[in-house]
Each structure stands twice: as C-alpha cells, then as structure tokens.
Amino acid sequence: MTTLTPGANAPLSTASISVTVSYSPDVGADIDVSAFLLGSDSKVRSDEDMCFYGQKTISNGLVQMTEASAGRAVFTLDLSRIEAAVEKVALTATIHETKISFASVSHLSVSVTGGIEAPIPTAGMRESALILGEFYRRQGAWKFRCVAQGFEGGLEPLAKHFGVEVAAAPSPSPSPEPKPAPAPAPAPSGTPASTPTPSRVNLNKITLDKSRSSISLEKKAGGQYGQIRINLNWAQQQTSGFLGFGKKASVDLDLGCLFELQNGRKGVVQALGKGFGAYNQAPFIQLMGDDRTGSVSDGEWLHINGDRWSEIKRIAVFAFIYDGAPNWSATDGVVTLFAPNQAPVEVRVSEEGGKLGCCCIALLENIGGDVKVTRRVDFHRDQEKLDHAYQWGLSWRVGSK
C-alpha cells in the first residue's frame, strides 16, 4: 500500500484503473465529484472534457463515472487509450451551493487501483471546492499525484481554473411568468474565426425542496427546449435480516409518468404493461428500458421531446417500488432532470420517507409555452390512486413486466 500526502506522487501499476473517492456525507450538503481532461495548458478543450453528474461518460467511454452516491464516487479510466492531447486527468470535489466548507467533512480520501491511497487533510479547511489529485503523463508513463488544492469560492473558481466558463443557473421561482433569455452578445469584429470559443457549461445544480419547490426551464432559440432527460437512480441493494445482517436483495424501482396532451389525449408511460411511449410521435415521451436490478449505473431514463413541448399540456413524473425496499428512505432514490445548456434539476425521493409504493416526484406543466417544473414528492398506494389525486381520469387494470 502506498499512502500519498499532498504533493506526493506514485507510478500506476496499470493504465486501466478504477478510482474511488470516499467521504463522510454531511446532512444538508451534497458533495459532487468530477473529472476533467486537461491539455498541455492544464485547460479543458471543450465541454466534452468534463465527467460529472450531468455527463457520466466521456472520451468514447474511456472515462466513466460508474457510481455517485452519498459518501462515494467511482470512476473507471483507460489511460492507455486516451488521446495524446490529454496530458492530465484531474479529480475534483465541490460542495453544492457552498453550504459548508471541507472543514466539516471529517473523512475524504482517494483510492486508486494498485494500492494507492491519498487521504485528503480537511481539518481547518475553509474551501468548498478541491482538486483532490491528478493523473499525469511523465516520460510516456502515467502517475498519480495527491494535490489537495482548494478554492474558497466553490465551483465557479475551480471551473475557471480549468478554462471552463460556468453558465449561471436560473433562479428557482414559483412564478409562472416567463423570463426572456438575454440575447447573445455579438462576436467582436476583429476576432479571427479560428479563435476557440470559451467552454460554457452548466455545472451548477438546482435542488428542489420544501424551501424552493419550482423552476421554469429556459427556452432555446426558436422557443424549443431540445431533449429533456429525466433520470431515476437509487441504491442498488438492501440488506435484509436482523440489524442489517442477512442476504442482499436487489432493489427494483420503476420510473414512469402520466401525460396529457393539448389535444386532450391522456395516458401513462411505464414498464408495467410495456407502455414505453414514443419520442418522435405522440406522446413525445419515451421510457428508455427497464432496469430490474439497479445494476445499471445510470438507472432509468425518461426522454421528453422538448421540441414538441407545444403539444404537451402536463406530465406527472412518478416512481414505483416494484421490489426489494420497504420504504422510500431505504431506496436513497434521486431524480434529476437534464435539459441542454441548463442546470440539472434534482429532486430527492427518499427524504420524506413514505411507505406507500408509488411516489409522484414532480409535475411538468405547459404554462404559456414554458416548462414549469414543480416538486411534489407525495405518496400513493399505486398509480391508480396517484391518478385520482391529480384528476387524470384514466381507466386502470393489472399489468405485468
């Protein structure tokens, strides 16, 4: 075992590695772990060089975030096949919305395949963003260095350090009134066409909770939204038995939604009954498969055709405990909405701890052409009871997968 202190480095025994960042989670503060591919100038080349919760696979799968849960993040890297223009891969950790500093995180460490450990000393740290460590090329071979460099301003100064221009997150507001997006600034007349455009990406994250329950998405040019993706992820397994000792049971959660179109058509998209929907035709919503075990690191996805949003009236996004968990607290479930060039919107389904099997997570409503997202997190015995609560008026029968 090789233990590194800040500034120390060690050679890698193999270029195909797994790296685990573990930390003690703090109640009320999320820690986001990311990886940045850097060139000879220690800057990213584009948005595609960032591996984070909103983009878990980059460089044609050579860098992947395979796990992101409270207290742990795991990446796999095949450094031997990464293009020569990449000279470093930096690992970072940021505290969402800088609610605390890393002094409140009692344990933070990086473990790398081959027996490399890098404990990060956090005592007295005022910073809310850190470069944990970096993989770097040296004379044709890869090494790992423990860095432990902090940034007091949180995510934005860290991202700018790597050449990323962080797009501002829209302010969550219950107001349905649309806010026009500012017009893009014209390019300076003397700027040559070959000058690279600074990377602009939304690394901010918005969490909808009881204190701020809704937000309206920003439209693209032409009044469209592009592809809106909704992800459900959860703890893969639960341990049964007295005091948690016993067999591990696979947890199966199902993601789905009720929809209503502007023409009056209503229905449900879900794995039960194999109602997977369609993206390019009505209802313009598609369930991308069914993960029955939780073993797929990306969980389950709903894709909404935001370019056809004008034809959709409302969507109620729900999740259903199909097997393996006694209540929602045990699932560690989280739903995240992604839209192009916008901050991911997160809703945690486990924080209320309901025991009924069906949870209405969020409502997406067409308000004057805007996508208004409202957190719900209320619980029902099944989808039919959810339907009654939201007055959808569908006819239900028993289905199977």
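Helices (H or I, at least four residues) and strands (E, at least two) are DSSP runs, numbered from the N terminus. The structure described here is a predicted model.

**A cis peptide bond**

With that numbering, Pro283 can be placed in the loop between β23 (277–278) and β24 (285–287). Pro283 is joined to Ala282 by a cis peptide bond, for which omega is about 15°.

**Positive phi angles**

Two further loop residues are described by their backbone angle phi. Ser42 is not a glycine, yet its phi is positive; likewise, Lys274 is a residue other than glycine with a positive phi. The table sets out their values and places.

| Residue | Phi | Loop |
|---|---|---|
| Ser42 | about 60° | between β4 (31–38) and β5 (50–51) |
| Lys274 | near 55° | between β22 (266–269) and β23 |

Ser42 counts as partly exposed because its relative accessibility is 24%, a value in between the cut-offs of 20% and 50%. Lys274 has a relative accessible area of 56% and is therefore exposed, since exposed means over 50%.

**Nonpolar cores**

The largest nonpolar core consists of 45 residues. Those with the most contacts inside this core are Leu302, Ile315, Leu337, Ile361 and Leu364. Leu337 may serve as an illustration: leaving aside residues up to four places away in sequence, Leu337 touches Leu217, Ile228, Arg229, Ile230, Ala343, Pro344, Val345, Leu364 and Val373. There is also a second, separate core of 44 residues, which includes Ile31, Val33, Met65 and Ile116.

Terms used. Residues are numbered from 1 along each chain as its sequence is written. This is a predicted model: local features need pLDDT of at least 70, side-chain atom pairs count only at pLDDT 80 or more; totals for chains, interfaces and linings use all residues. Side-chain values use heavy atoms; hydrogens and water are left out. A nonpolar core is a set of buried Ala, Val, Leu, Ile, Met, Phe, Trp, Tyr and Cys residues joined through side-chain atoms within 4.5 Å. Buried means under 20% relative accessible area, exposed over 50%, partly exposed in between (1.4 Å probe, protein chains only). Contact means heavy atoms within 4.5 Å.
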